[in-house]
Amino acid sequence: MRISIEEVEKMASLSMLYVSDDDKKMLQSSLESILSHAQRLNELDTENVEPTTYILKQQNVYREDETTDKLSREELLRNAPEQEDGYFIVPQVVE
């Protein structure tokens, strides 16, 4: 498939990239090569190939939800730099 220099320039513009004239020619050649390889994939017989999302058979592994011992308020506030009446004191962030 042929890619014109104008198409390379348009892609560079859409990507907000500066591309020199030498690089445009190199990109044109590279894109043509990539598209020709992709075109070859259209020639393959995929009639009996099941569509897949991933090539590896992966699945999520979930752990069981288990309750644990809860920490007391005193234990939670033990390392707080500042606290008052059982609450954390934090710097004000809204003026």
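These are my notebook entries on a few residues and ring contacts that I looked up in a predicted model.

Entry: Gln 28. I looked for its place first and found Gln 28 in helix H2, which covers residues 21-42. I then asked whether Gln 28 is buried or exposed. Its relative accessible area is 15%, and buried means under 20%, so I wrote Gln 28 down as buried. Leaving out residues up to four places away in sequence, I listed what Gln 28 touches: Arg 2, Ile 3, Ser 4, Ile 5 and Val 8.

Entry: Glu 32. I found Glu 32 in helix H2 as well. Glu 32 has a relative accessible area of 16%, so I noted this residue as buried too. With neighbours within four places in sequence set aside, Glu 32 is in contact with Met 1, Arg 2 and Ile 3. I marked Arg 2 and Ile 3 in my notes, since they appear in the list for Gln 28 and in the list for Glu 32.

Entry: Val 94. I located Val 94 in the segment after strand E2, which is 87-88. Its relative accessibility is 58%, and exposed means over 50%, so Val 94 goes down as exposed. I also checked Val 94 against Asn 42: they are 52 residues apart in sequence, and their C-alpha atoms are 58 Å apart in space.

Entry: rings. How many aromatic pairs does the structure hold? I recorded zero. I did find a charge over a ring: Arg 73 lies over the face of Tyr 87, at 5.5 Å from the ring centre.

Key: Residues numbered from 1 in each chain as written. Predicted model: local features only at pLDDT ≥ 70, side-chain atom pairs only at ≥ 80, totals over all residues. Heavy atoms only, no water. Phe/Tyr/Trp six-rings, centres within 6.5 Å; stacked < 30°, edge-to-face > 60°. Lys NZ or Arg CZ within 6 Å of the ring centre and 35° of its normal. Helix = DSSP H or I, 4+ residues; strand = E, 2+ residues; numbered from the N terminus. Buried < 20%, exposed > 50% of the residue type's maximum accessible area, 1.4 Å probe, protein only. Contact = heavy atoms within 4.5 Å.
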